[in-house]
Amino acid sequence: MNAYARPESGKSNARGLRLLVPRLMLAVAVAHMMVGLVSAYGHWSGIVSDGLWNTVRNDDDARMTALWFMISGIAFFGLGLLARRSVIVTGTMPAETGWILLAAGIPVSVLEPVSGGWSLIVIGALAVVMSRRDRFTTGFDRSAAQRGAETVASGAAPGNTAPSE
C-alpha cells in the first residue's frame, strides 16, 4: 500500500506520507508539554502542593503562563488526533489543519522568534501541501468513482439508463 492509494479503493491510507503530518503534530505537542512541565516545574509543584483547586489566580502571571502553555499543548495534541482520524477515515489531509497551524505559527514566530512557532509553520505548510496533493491526485477520480458506486448501488448497470422490469 502506498501513500497515494485512493479511499474509494477500500484500502486504508493509514500508512505513508499522509500520516506524517499528524505524527509530527503529536510528537511536537508532546515535546511542547514536556518543555512546559520541565521549564515551569516550580510553578506546577506549587500548584499541586497548594491543592490544585483555585491555585492559578488571574494575578499570578507565572502560573497563568504555565497553565496556558500546557493547555495549548493539549489543544495541539487534540488537533493532531483529529487530523490523524481524518486521514485514516477519509484518506486525505484536511486543508484546514494546515491553515490552522499556519495561523497559529506565524504570529508566534513573529512575536517570539526563539520558540516552537517555526515547527507549526513547517507542519502547517506540509499539511497544506498534502491536502492539495490529495485534492489534485484523487479529486477527479473520486467523483468518477462515486458516480460509479451510486450507479452500482442503485442496481442499474453503468451506462444503462433504461428502466428494468
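**A walk through an all-helix model**

G46 counts as buried, with a relative accessibility of 12%. That's a handy place to step in, but keep in mind that we're looking at a predicted model. G46 sits in helix α2, which covers residues 41-49. Its C-alpha lies 9.9 Å from that of V56, a residue ten places away in sequence.

Zooming out for a moment, the protein has five helices and zero strands, so the order of elements from the N terminus reads α-α-α-α-α. The chain has 165 residues, and 28% of them count as buried. Take the contacts with a separation of 6 or more: 60% of them join residues 24 or more positions apart. As for the surface, about 10500 Å² is exposed, and carbon and sulfur atoms supply 66% of that.

Back to α2 and its partner. Helices α2 and α3 pack with their axes 9 Å apart, at an angle of about 100°. Angles from 65 to 115 degrees count as roughly perpendicular, and that is therefore how α2 and α3 are placed relative to each other. On the α2 side, the contact is made by H43, W44, G46 and I47; α3 brings A62, R63, A66, L67 and M70. So our buried starting point, G46, is one of the residues in this helix contact. Sorted by class, the α2-α3 contact holds six nonpolar residues, two polar ones and one charged one.

Between these two helices there's a loop with a couple of backbone oddities. In general, most residues other than glycine have a negative phi. L52, in the loop between α2 and α3, has a positive phi near 65° without being a glycine. N54 belongs to the loop between α2 and α3 too, and its phi is also positive, at about 60°, although N54 is not a glycine either. How much of each is open to solvent-sized probes? L52 has a relative accessibility of 56%, and because exposed means over 50%, L52 counts as exposed. N54, at 47%, is partly exposed.

Now for the interior. The largest nonpolar core has 14 residues, and those with the most contacts inside it are V21, M25, F76, M93, L101 and I123. Three helices each supply at least two residues of this core: α1 (20-39), α3 (61-90) and α5 (117-153). Apart from this core lies another one, of six residues, including M33, A40, A66 and M70. Two of those names should ring a bell: A66 and M70 are also on the α3 side of the contact with α2.

M93 deserves a closer look, being among the residues with the most contacts inside the largest core. Leaving out residues up to four places away in sequence, M93 touches R18, V21, P22 and V87, along with A127, M130, S131 and D134. V21 is another of the core residues with the most contacts.

Follow one of those contacts to S131, which lies in helix α5. Is S131 buried or exposed? With a relative accessible area of 8%, S131 is buried, because the cut-off for buried is under 20%. Beyond its neighbours within four places in sequence, S131 is in contact with M93, P94 and A95. The M93-S131 contact thus shows up from either end, in the list for M93 and in the list for S131.

Note on methods: Residues numbered from 1 in each chain as written. Predicted model: local features only at pLDDT ≥ 70, side-chain atom pairs only at ≥ 80, totals over all residues. Heavy atoms only, no water. Helix = DSSP H or I, 4+ residues; strand = E, 2+ residues; numbered from the N terminus. Buried < 20%, exposed > 50% of the residue type's maximum accessible area, 1.4 Å probe, protein only. Contact = heavy atoms within 4.5 Å. Areas by Shrake-Rupley, 256 points an atom, 1.4 Å probe, with all protein chains shown as cover. Core = buried A, V, L, I, M, F, W, Y, C linked by side-chain atoms within 4.5 Å. Axes fitted to C-alpha atoms, helices over the stretch in contact; angles between N-to-C directions. Parallel < 35°, antiparallel > 145°, perpendicular 65-115°, else oblique. Nonpolar A, V, L, I, M, F, W, Y, C, P; charged D, E, K, R; others polar.
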